[in-house]
Amino acid sequence: MAAVPDPMPHPVRRADTAYLDFVEGFREYLLGKGADFEDRLGEALAAEEQRRGAPMRDLDEICRFLDSLPLTALRNRLARTQQEMKWHRIAGAFDAQRTELAAELARHDARGPGRLELDPAFVHPAYVNVQFHLQPGGYYHDELSGFLYHYGTKVFFRGDNDHDELHAKLVGFVPKPADGRVQRVLDLACSVGQSTTAFKARYPEAEVIGIDYSAPMLRTAHRRAVMLGSDVTFAQRLVERTGFPDAHFDITFAFIVFHELPLRIIHETVREAARVTRSGGIFAIYDFTETATKSPFQLYHRWFDARHNGEPYSQDFCDCDLDAILAANGFSVAAAPVGQRSGGAGYMKHWFATRS
Amino acid sequence: MIIQTHAETPEGGTPIAGADPVYLADPLLDASVRMLVELSAQVWVERERRLTLEALLESRGLLARADIETFQPSAEQAAAFKAERARFIEDVFKELRRIPVESASREGR
């Protein structure tokens with residue numbers, strides 16, 4: 001039996017891989033029971049609430065309290081440091097292979113199965129000019145942005161998504177339209193196309209299209225899909241202005257997209273999804289939980305992540321009422337299934353909305 | 001190429017921290033923590049490589065462990081070790097250049 005191709009880019013130097021393995025393990029230690037920051041600071045908050053005799057929901061108040069604790073400062077220092085170390089090493093590792101990796105992309109651009117549709121006249125809107133998650137060059141300024149992102153998310157998911165397990169699981173959760181018809185699927189802001197190919201694996205007869213504003217991401221996605229033999233299309237388009245015909249898709253999917261959009265674009269994107277999703281079709285979203293359901297520590301973490309991890313729009317997303325925005329655009333939202341989550345409990349959520 | 005790394009965002013939202021935020025009571029402490037984590041990573045990289053090499057060499061019958069203790073590098077090897085040592089020191093202690101000359105205010109809300 002032929003070996004399954006591994007489209008994950010890897011550093012060629014053993015020392016880079018070992019270094020990044022360390023960062024992955026260190027990240028696990030910081031976020032989990034090793035350093036136990038979340039539970040310990042959560043307990044401190046609970047004790048403070050008890051002392052005050054009132055719950056703490058105001059972010060300024062929570063920040064004032066947590067910022068007064070040396071443990072918070074150290075936790076923040078370490079969280080920022082591991083992220084900086086990760087990107088510094090990945091960027092250095094792939095920069096050393098720049099010529100080969102660029103040639104690797106070029107070699108796959110015109111290959112099939114599947115198609116790559118880049119728009120030479122594409123204009124990036126101002127709001128995307130952010131170093132999301134502190135990724136050097138952001139999502140589109142470096143030809144190798146897709147490779148950096150793919151390996152960066154490998155470290156981020158701490159070994160849980162080395163072979164796209166998370167994407168396969170999340171795509172598996174998306175309900176079929178009630179009439180069972182799935183002929184076309186749209187993957188919004190598909191990055192390196194992991195959910196795009198997962199949809200194709202689930203619905204082999206369907207036409208599956210992933211769109212993104214980043215040409216480097218799309219080229220990386222196309223190379224990956226070619227290596228996997230997945231017949232999907234990647235196109236350079238905006239989520240808020242896809243250019244597809246009305247009612248074109250049976251399923252529209254947005255995996256951790258909305259928290260990287262300004263509020264104005266969130267509204268436009270839902271409106272656009274309503275336009276391109278056919279009646280009875282599904283709009284599936286997986287993203288951060290809303291502010292109202294977060295614990296005080298989670299509220300603090302969201303603010304920290306927004307300010308110190310290049311997520312400037314995430315706070316506004318968590319504060320907005322996505323259910324109401326969906327409803328105002330002709331979607332009915334089913335109750336989000338409990339337990340179908342990845343990442344820390346309470347941080348992530350599904351929305352499964354049906355187009356009326 | 002202009003990348004947004006400072007407090008202003010292209011379109012509202014939460015202001016982004018600058019390139020070198022200070023979290024602890026003193027920038028020197030921030031640098032110390034960064035160096036400690038960097039050093040830990042470097043130690044792991046070396047340990048992983050040594051474990052790999054020892055496992056390979058031993059499995060092929062090429063190494064008596066005592067040979068490591070008595071090894072004397074050639075002049076060429078010694079020069080290569082020295083250059084590697086300089087890289088190691090730079091990796092760990094590059095943080096020293098990030099300590100601002102002026103006192104900085106601590107990050108917080």
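Chain A of this predicted model has 13 helices and eight strands. Its radius of gyration is 21 Å, close to the 21 Å that the globule rule gives for 356 residues, so chain A is as compact as a globular protein of that length. If you like to think in box dimensions, the C-alpha trace of chain A spans about 60 × 55 × 40 Å along its principal axes. Buried residues account for 47% of the 356 residues in this chain. Sequence-distant contacts are well represented too: among contacts between residues at least 6 apart in sequence, 76% join residues at least 24 apart.

**The sheet of chain A**

How are the eight strands arranged in the sheet? They form an open sheet with the order 1-4-3-2-5-6-8-7 and mixed pairing. Strand 1 (115–117) and strand 7 (331–334) are the edge strands, each pairing on one side only. On average, neighbouring strands of this sheet are turned by 20 degrees against each other, direction ignored.

Three of the pairings can be set side by side, each with one pair of facing residues:

| Strands of chain A | Sense | Bridges | A residue and its partner |
|---|---|---|---|
| Strand 2 (184–188) and strand 5 | parallel | four | A:Val185 and A:Ile251 |
| Strand 5 and strand 6 | parallel | six | A:Phe249 and A:Thr277 |
| Strand 6 (277–288) and strand 8 (348–355) | antiparallel | seven | A:Ala284 and A:Phe352 |

Strand 5 of chain A takes part in two of these rows, pairing with strand 2 and being joined to strand 6. Is strand 5 (residues 249–255) mostly covered or mostly open? Strand 5 is mostly covered, with seven of its seven residues buried. A handy reminder when looking along such an element: in a regular strand the side chains alternate between the two faces of the sheet.

Helices also meet this sheet. Helix 9 (residues 215–228) of chain A lies across strand 1, strand 3 (207–212) and strand 4 (233–236). The helix runs at about 170 degrees to strand 4 of chain A.

**A closer look at A:Val155**

A:Val155 lies in helix 6 (residues 145–156) of chain A. Why does A:Val155 count as buried? Because 24 other C-beta atoms lie within 10 Å of A:Val155, and the cut-off for a buried residue is 20 or more. Leaving aside neighbours within four places in sequence, A:Val155 is in contact with A:Leu20, A:Val23, A:Glu24, A:Arg27 and A:Lys86. One of these partners, A:Arg27, is 128 residues from A:Val155 in sequence, yet the two are 8.3 Å apart in space, C-alpha to C-alpha.

**Chain B and its contact with chain A**

The contact between the chains takes 28 residues from chain B and 37 residues from chain A. Sorted by class, the side of chain B that touches chain A has 14 nonpolar, seven polar and seven charged residues.

Helix 3 (residues 75–93) of chain B makes a pleasant geometry check. At 1.5 Å a residue, its 19 residues should span 27 Å, and the end C-alpha atoms are 27 Å apart, which agrees. Where does this helix sit, in the open or under cover? Of the 19 residues of helix 3 of chain B, the number buried is zero, so the helix lies largely in the open. For anyone tracing its side chains, an α-helix has 3.6 residues a turn, so residues three or four places apart point the same way.

How values were computed:
Residues numbered from 1 in each chain as written. Chains lettered and ligands numbered in written order. Predicted model: local features only at pLDDT ≥ 70, side-chain atom pairs only at ≥ 80, totals over all residues. Pairing = 2+ DSSP bridges. Helix = DSSP H or I, 4+ residues; strand = E, 2+ residues; numbered from the N terminus. Axes fitted to C-alpha atoms, helices over the stretch in contact; angles between N-to-C directions. Contact = placed C-beta atoms within 7 Å. Nonpolar A, V, L, I, M, F, W, Y, C, P; charged D, E, K, R; others polar. Expected span 1.5 Å × (residues − 1). Buried ≥ 20, exposed ≤ 12 C-beta atoms within 10 Å, placed from the backbone. Rg over C-alpha atoms; globule rule 2.2 N^0.38 Å.
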